[in-house]
Amino acid sequence: MAKRRSYDQFCSVARALDHVSERWTLLIVRNLMLGPRRYSDLMTELPGITTNLLAARLRAMEASGLVAKRAGPPARYELTALGAALEPVVVELGRWGANFMDQPRRADTINAGWGLLALKRRYRGGVRAIVELRLGERHFELTFEEAHLHVQEREAVRPQLVVAGVLEAFQAWLFKGIAGAELQRAGKLTIDGDPAIWRAVQGAFRPNDWKSARPAASRSRAERGSAAT
């Protein structure tokens, strides 16, 4: 194995970058934040990476103690406690990166799991509930705690609320500012569970912080102001 390059600086930032600054490393961490993944899952979810490069990155991440390989079948990769401790880094990097988010580019891959991870930085806090989101064939468990939101790609064991619909309906609700209740009335989202939790979840997130969403929100406020006068 080739020797990993180092910045050779006695600084915690430099030491961190020694382990996570290689191309694809933090994106692998992002994907594993949703739960254990097979090698083939990572290949599918990271278009553009080669099989040799993915193997090299996973070996380096194992050597750094960021990921562990869970025996199968099938074998899966998962974050260790040290790797999971990168969550605030990934969340804050996403917050900063939102300044460069506009409409998806033609070549962009869109993944529902990545979008749901973005809800972590938009969570207002104060909700306690276990919610399952069913986006077509994909199921996600959202565990709301007082000050933290956990997102895992799996079926929830005892969800207090299940919200189901196609990807476009969830995009409209969670990222385009369309009220969940409105989508429910239109039959685009189906709700099963505690109505009080559904109301709480609808108010649990700050507005989408993408660059393109801020002007839209400003226009909406201006339009409401004009209507009031």
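Which residues are linked with Arg-37 in a network of salt bridges? The notes below concern a predicted model.

1. The network joins Arg-37 to Glu-45, Arg-138 and Glu-153. Within this group, Glu-45 and Arg-37 meet through their side chains, with an N to O distance of 2.9 Å. Arg-37 has a relative accessibility of 5% and Glu-45 one of 14%; both count as buried because the cut-off is under 20%.

2. The count of salt bridges in the model comes to 14. One of them pairs Arg-121 with Asp-209, whose closest N and O atoms are 2.7 Å apart. This pair connects distant parts of the chain, 88 residues apart: Arg-121 belongs to helix 7, while Asp-209 sits in the loop between helix 10 and helix 11. Both Arg-121 and Asp-209 are buried.

3. Glu-22 and Arg-5 form a further salt bridge, at 3.8 Å between the closest N and O atoms. It spans 17 residues, from the segment before helix 1 (Arg-5) to the loop between helix 1 and helix 2 (Glu-22). Arg-5 is exposed at 66% relative accessibility, whereas Glu-22 is partly exposed at 28%.

4. Most residues other than glycine have a negative phi. Asp-8 has a positive phi of about 50 degrees, and Trp-24 has one near 85 degrees. Asp-8 lies in the segment before helix 1 and is exposed at 68% relative accessibility. Trp-24 lies in the loop between helix 1 and helix 2 and is buried at 12%.

5. Tyr-7, Val-13 and Leu-17 make up a nonpolar surface patch, together offering about 280 Å² of accessible area. Val-13, in helix 1, is exposed at 53%.

Conventions: Residues are numbered from 1 along each chain as its sequence is written. This is a predicted model: local features need pLDDT of at least 70, side-chain atom pairs count only at pLDDT 80 or more; totals for chains, interfaces and linings use all residues. Side-chain values use heavy atoms; hydrogens and water are left out. Helices (H or I, at least four residues) and strands (E, at least two) are DSSP runs, numbered from the N terminus. Buried means under 20% relative accessible area, exposed over 50%, partly exposed in between (1.4 Å probe, protein chains only). Patches are made of residues with over 30% relative accessible area and no salt bridge: like charges are joined within 9 Å, nonpolar side chains (Val, Leu, Ile, Met, Phe, Trp, Tyr) within 5 Å. Accessible areas come from the Shrake-Rupley method with a 1.4 Å probe; for residues, only the protein chains shown count as cover. A salt bridge is a side-chain nitrogen of Lys or Arg within 4 Å of a carboxyl oxygen of Asp or Glu.
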